[in-house]
Every structure is written in structure tokens, then in C-alpha cells.
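Colleague: Please choose one part of this model and take a close look at it, and then set it against the rest of the chain.

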Amino acid sequence: MKKRGVIGIALIILLSAMVYSFYDQMQLKTYGDVLENMLNEDESITEISIIDYKTDRYFSSDNSEIVEKFTIELLNMDMKRDNNTPLRYDYVIFLHTNKGNKYDIAVGLSSVEFGYDGRFTLINENTLYANIEKANIEWEPARSQ
């Protein structure tokens, strides 16, 4: 009878670990996954705007190369859902679409928050943050937007 109890407890622990592992894996996404779920099938990003809160600057462009730098180039950036950690952000990106929609992404050094899908911690390098930092773009004072 004791063996049954031990086996039962072991099975419960094993099942709990499997459920937790499955739940934890479901929290993993890529930047591309979120963008794909965010946009409708016939919707595309046509313009990007960025507000830099560190230096109080603003940037906006409909240049397809610049739009790709903040979208297509980052599709495989790995993230893990983390709505519990406070986000400290330096930038907010607005993605404007051909359907007149505007989606926002708050970007911090180690995490991002999509107004559409919540907050994520970056698993590896935050390529989005790095792309903003090293982008050769012409900033304007934020008050002129």
C-alpha cells in the first residue's frame, strides 16, 4: 500500500512538472510572432515613429528600409512573456499601417511591451534597442512632433 502512495505522489509531481514546463514554453515568443498576430492579414506597416525619452527626441519615417530595420530584421528576436517585472523604457515605437492603425511598443534595455500583447523579457540581446541606438536617423526635438 505504501508503494502505491509513493508512486501516486511521484506521478503527481511528474505531471505538475510537465504542466509547468508546457506553460513555461507557451510563454516563449519571437518578435515576429507578436507582429504576425497583431496585424490583420491584409495589413502592412507603412511608417514608423520613435520617441526617445532619454534625450527628448522624435523620429518618423515611411522609408521602407528604415521600417524593415525595426520589423523584418528582428522577426527572430526571442522573448519570454513577463508581465510581472516593471518595464523601464527609453523608447516608444509606433508602427503605422496601411489600414490606419497605430501599434505601440515600449522598448527598454532588457524588455519590451507591446500595447497589443503585453510585456516580454528578451532572452538574448535586445536587437530592437540596439537598432534604435545605432540607427543613422535624423532626430527632431520631441516638442516639434
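**A close look at Asp82**

Modeller: Leaving aside residues up to four places away in sequence, Asp82 touches Arg119, Phe120 and Thr121, a contact being heavy atoms within 4.5 Å. The model is a predicted one, in which local features need pLDDT of at least 70 and side-chain atom pairs count only at pLDDT 80 or more, while totals for chains, interfaces and linings use all residues. Residues are numbered from 1 along each chain as its sequence is written, and side-chain values use heavy atoms, with hydrogens and water left out.

Asp82 sits in the loop between strand S4 (78-81) and strand S5 (89-97); helices (H or I, at least four residues) and strands (E, at least two) are DSSP runs, numbered from the N terminus. Asp82 is buried but has no salt bridge, and Arg119, the nearest side chain of opposite charge, is 6.5 Å away. Here buried means under 20% relative accessible area, exposed over 50%, and partly exposed in between (1.4 Å probe, protein chains only), whereas a salt bridge requires a side-chain nitrogen of Lys or Arg within 4 Å of a carboxyl oxygen of Asp or Glu. For charge, Lys and Arg count as positive and Asp and Glu as negative, with His and the chain ends not counted. What Asp82 does have is a polar contact from its side chain to that of Thr121, at 2.9 Å; such a contact is a pair of N or O atoms within 3.5 Å, where within protein one must be able to donate a hydrogen and the other to accept it, and residues adjacent in sequence count only if both atoms are side-chain atoms.

A second aspartate offers another setting: Asp56 lies in the loop between strand S2 (45-52) and strand S3 (57-61), and at 32% relative accessibility Asp56 counts as partly exposed. Although not a glycine, Asp56 has a positive phi of about 55°. Most residues other than glycine have a negative phi.

As for the whole, the chain comprises four helices and nine strands, and buried residues make up 40% of its 145 residues. Of the contacts in the chain with a separation of 6 or more, 65% are between residues 24 or more positions apart. Strand S5, which follows the loop of Asp82, is also among the elements that cover the buried residues of H4, namely Leu128, Tyr129, Ala130, Asn131 and Ile132 in helix H4 (residues 127-134).
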